[in-house]
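Open the model in a viewer and keep the sequence panel beside it. The stops below say what to select next and what is there.

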Amino acid sequence: MKIIRGLLIGSLILIGGCSSKPVEVVENTKIEYVNAYEKIDKNDIYEIRSMEPSMNIDPNDAGDMYSASEYIAIARVISIDGGDSINEESGNFCKPHTYGKLEILNVYKGDLQEKEIGYVRSGGIITYQAYYDGLSEGSKRSAPKPDGYEYSYVKEYQEGDIEIEVGEIYLVYLTKTEIKSGHYLIIGWQGGLRKVRMDYVDSLQEVSNQQIEVYNNKKECWETLDQVLEVE
């Protein structure tokens with residue numbers, strides 16, 4: 001896999017508020033997980049790490065993320081169904097994104113009634129042809145033509161971001177979106193997708209927020225859920 005870096009247009013002891021103990025994986029054998037990306041040969045992917053323009057919020061600030069989201073939930077990733085670069089509502093090209101399904105386990109902000117929802121998240125794998133078609137005319141002149149190009153796919157994601165993983169449980173920050181009909185947008189890159197660990201997922205509603213830990217991707221440590229949601 002070729003990588004380029006550049007600017008593209010277009011109960012645990014806590015030390016200092018964090019715990020660095022290893023991740024405890026919670027398995028659920030009743031769910032059939034799907035990952036469309038697993039079918040793609042990694043050697044056939046051209047990887048791009050992009051530097052997006054500054055956001056109006058700091059994705060690593062829990063207060064900013066709370067304010068910017070319409071919904072906050074703990075959810076399990078059931079699937080990665082694919083990648084796309086088309087805004088369904090406008091029909092225009094947009095940045096590559098990943099879409100799939102989430103199983104909602106508990107909600108902490110907003111009135112999210114569905115037990116399963118579709119999600120969209122910035123960064124994804126698309127065909128090189130789709131990537132080329134979405135370039136400006138000026139960018140096309142300097143980009144390799146799709147015919148005969150050595151890579152069939154492009155993987156583009158934000159520098160410093162993490163990748164979503166099928167079967168994992170996360171604290172997710174969501175808003176409604178026009179990018180894909182009936183789906184919700186996971187906002188804030190790595191700030192809006194934080195791994196969760198706890199002993200009993202099936203009794204999530206019965207435990208306190210102090211018994212649930214979420215991973216801080218910037219500090220690389222675990223924090224209790226009450227610390228994360230205490231933003232006032």
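**Stop 1: Met65 and its surroundings**

Select Met65, which is buried at a relative accessible area of 1%; buried means under 20% relative accessible area, exposed over 50%, and partly exposed in between, with a 1.4 Å probe and protein chains only. The model is predicted, so local features need pLDDT of at least 70 and side-chain atom pairs count only at pLDDT 80 or more, while totals for chains, interfaces and linings use all residues. Residues are numbered from 1 along each chain as its sequence is written, and side-chain values use heavy atoms, with hydrogens and water left out.

Met65 belongs to helix α1. Helices (H or I, at least four residues) and strands (E, at least two) are DSSP runs, numbered from the N terminus. Now show what surrounds Met65: beyond residues up to four places away in sequence, it touches Ile57, Asp58, Pro59, Tyr173, Ile187, Gly188, Gly191 and Gly192. Contact here means heavy atoms within 4.5 Å. For one of these partners, draw a C-alpha to C-alpha distance: Met65 and Ile187 are 8.3 Å apart in space and 122 residues apart in sequence.

**Stop 2: the largest cavity**

Keep Met65 selected and add Pro59, Asn60, Ala62, Tyr173, Gln190, Gly191, Arg194, Tyr215, Asn216, Asn217 and Lys218; together with Met65 they line the largest cavity. Two elements, α1 (62–68) and β12 (213–216), give two or more residues to that lining. The volume of the largest cavity is about 90 Å³.

A cavity is a set of points, on a 1 Å grid over the protein atoms alone, where a 1.4 Å probe fits but cannot get out, and lining residues have an atom within 4 Å of a point. Grid points are joined across faces, edges and corners, and a volume is the space filled by probe spheres set on the points.

Colour the lining by class: five residues are nonpolar, five polar and two charged. In this scheme Ala, Val, Leu, Ile, Met, Phe, Trp, Tyr, Cys and Pro count as nonpolar, Asp, Glu, Lys and Arg as charged, and the others, Gly among them, as polar.

**Stop 3: two positive phi angles**

Go to Trp189, in the loop between β10 (183–186) and β11 (193–197). Trp189 is not a glycine, yet its phi is positive, at about 50°. Its relative accessible area is 15%, so Trp189 is buried.

Then select Glu220, in the loop between β12 and β13 (221–224). Glu220 is likewise not a glycine and has a positive phi, of about 55°. Is Glu220 buried or exposed? Its relative accessibility is 56%, so it counts as exposed.

**Stop 4: Glu168**

Select Glu168, in the loop between β8 (153–158) and β9 (169–176). Glu168 counts as buried because its relative accessibility is 16%. Leaving out residues up to four places away in sequence, Glu168 touches Ala75, Arg76, Val77 and Lys195.

**Stop 5: Thr127 and Tyr132**

Thr127 sits in strand β7 (residues 124–127). It is partly exposed, with a relative accessible area of 35%. Its contacts, not counting residues up to four places away in sequence, are Ser152, Tyr153 and Val154. From Thr127 to Pro146 the C-alpha separation is 9.6 Å, across 19 residues in sequence.

Move on to Tyr132 in helix α2 (residues 128–133). Tyr132 has a relative accessible area of 11% and is therefore buried. Which residues does Tyr132 contact, aside from its neighbours within four places in sequence? They are Lys140, Ala143, Pro144, Lys145 and Pro146. The C-alpha atoms of Tyr132 and Lys145 are 7.7 Å apart, with these positions 13 residues apart along the chain.

**Last stop: the whole chain**

Zoom out and colour by pLDDT, the predictor's confidence in each residue, from 0 to 100. The mean for the protein chain is 86, and 83% of its residues reach 70 or more. Over residues 2–16 pLDDT stays under 50, and the model has 34 contacts beyond four places in sequence for them. Residues 21–27 also stay under 50, with 12 such contacts.

With the cartoon on, the protein chain shows four helices and 13 strands. Of its 232 residues, 46% are buried.

Definitions and conventions:
1 Å grid on protein atoms, 1.4 Å probe; cavity = no way out; pocket = protein on both sides within 12 Å on 5 of 7 lines; lining within 4 Å.
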